[in-house]
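These are my notebook entries from a session spent looking things up in one structure. I kept them in the order in which I worked.

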Amino acid sequence: MNIIEAKNISLWYGDTQALNKVNLSIPTHRVTALIGPSGCGKSTFLRSLNRMNDLIEGVRVEGTINYGGVPITSPNIDVTALRKEVGMVFQQPNPFPMSIYDNIAYGPRIQGIRRKSELDDIVERSLKDAAMWMEVRDRLHNNALGLSGGQQQRLCIARALAVEPQVLLMDESTSALDPVSTATIEELIVRLKQRYTVVMVTHNLQQAHRISDQCAFFLMGEVVESDSSSQIFNHPRDMRTSDYVSGRFG
Ligand code: ADP
């Protein structure tokens with residue numbers, strides 16, 4: 001089953017077209033990687049899945065994206081509710097300058113959860129989901145900015161999971177991290193797909209090959225090819241995909 005279906009998505013930043021009739025389905029409980037050279041529209045497409053492009057002046061979108069059958073490209077959808085369902089983790093870890101506990105409780109508190117025991121449970125569950133409970137359980141009230149970069153990024157994943165999303169969007173979320181932290185987050189992503197759907201942008205082809213189930217190859221605003229990752233990496237159908245995954249450009 002596909003949790004998200006994008007149909008004929010075109011997007012312009014002012015006069016510059018960044019996406020051209022993109023069709024892509026995102027299967028539920030799988031990791032989908034968006035790959036392709038820099039500037040080909042991967043992040044733009046990712047941001048359109050939770051309407052983050054709305055925050056950029058002069059953006060115009062054509063086409064439809066259905067999330068669970070609901071057209072989220074329609075102007076009158078509840079964007080806040082959508083972003084609760086479709087969470088996001090960015091390239092640079094961006095914890096709030098507050099305690100580890102308060103970072104995670106932030107979203108649930110905005111949703112009106114006040115009871116301490118309930119917040120405690122959410123903090124513990126989210127940190128366990130992000131594979132860092134054991135590391136930080138004794139210092140939940142320390143400032144999150146004191147954590148290492150890799151821990152900060154897992155905290156941001158925990159913060160995204162705290163509001164129980166269905167989909168997690170990850171935009172180059174390991175590219176600012178060292179190899180050990182990257183490996184930890186890759187393992188985490190593979191585990192997360194049991195309960196969530198992950199869509200990730202990566203320029204790291206080995207990473208896409210290691211952890212994604214499905215891959216979409218973007219080039220100049222278009223999806224050239226999307227298929228199972230084994231097909232894309234081992235038997236690409238399009239010569240441009242073949243050239244890219246074999247390292248001939250990009
Ligand atoms: P990728 O993620 O593949 O590197 P992007 O989606 O970031 O590609 O960018 C696609 C195109 O859209 C590029 O030409 C880029 O310069 C342009 N673009 C991206 N973000 C903005 C923005 N906020 N304003 C104007 N143009 C943008």
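Before looking for charges over rings, I fixed the criterion: a charge sits over a ring if NZ of Lys or CZ of Arg is within 6 Å of the ring centre and within 35 degrees of the ring normal. I also noted that this is a predicted model.

Entry 1, charges over rings. With that criterion I found the charged end of Arg159 over the ring of Phe96, 4.1 Å from its centre. I recorded a further case in Arg60, which lies over the face of Trp12 at 4.1 Å from the ring centre.

Entry 2, aromatic pairs. I stayed with Phe96 and asked which residue forms an aromatic pair with it. The structure holds 4 aromatic pairs, and in one of them Phe96 is joined with Tyr106 in a tilted arrangement, 4.7 Å centre to centre with 50° between the planes. I noted that this pair links distant parts of the chain, since Phe96 is in the loop between β6 (86-89) and α3 while Tyr106 is in helix α3, 10 residues apart. Looking up accessibility, I found Phe96 partly exposed, with a relative accessible area of 27%, and Tyr106 partly exposed as well, at 38%. Elsewhere, I saw that ring pairs link Phe217, Tyr244 and Phe249 into a cluster.

Entry 3, helix α3. I then asked which residues of helix α3 (residues 100-110) are buried, and the list reads Ile100, Tyr101, Asn103, Ile104, Ala105, Gly107 and Pro108. The cover over these buried residues includes α4 (116-129), α5 (133-136) and α6 (149-161). Just after α3, I noted that Gly112 takes a positive phi of about 100°.

Entry 4, the cores. The largest nonpolar core has 48 residues, and I wrote down Ile35, Leu127 and Ile157 as those with the most contacts inside it. The element that gives the most to this core is α6, with 6 residues. I followed up Leu127 and, leaving aside residues up to four places away in sequence, found that Leu127 touches Ile100, Ile104, Met132, Trp133, Val136, Leu140, Leu155 and Ala158. I also logged a second, separate core of 30 residues, which includes Val22, Met52, Val86 and Val201.

Entry 5, a glycine in a loop. Last, I looked up Gly14, which lies in the loop between β1 (2-13) and β2 (16-27). Is Gly14 buried or partly exposed? Gly14 is partly exposed, with a relative accessible area of 44%. I also noted that the C-alpha atoms of Gly14 and Val59 are separated by 6.2 Å, although these residues are 45 residues apart along the chain.

Terms used: Residues are numbered from 1 along each chain as its sequence is written. This is a predicted model: local features need pLDDT of at least 70, side-chain atom pairs count only at pLDDT 80 or more; totals for chains, interfaces and linings use all residues. Side-chain values use heavy atoms; hydrogens and water are left out. Buried means under 20% relative accessible area, exposed over 50%, partly exposed in between (1.4 Å probe, protein chains only). Helices (H or I, at least four residues) and strands (E, at least two) are DSSP runs, numbered from the N terminus. Contact means heavy atoms within 4.5 Å. A nonpolar core is a set of buried Ala, Val, Leu, Ile, Met, Phe, Trp, Tyr and Cys residues joined through side-chain atoms within 4.5 Å. Rings of Phe, Tyr and Trp (its six-membered ring) pair if their centres lie within 6.5 Å; planes under 30 degrees apart count as stacked, over 60 as edge-to-face and the rest as tilted.
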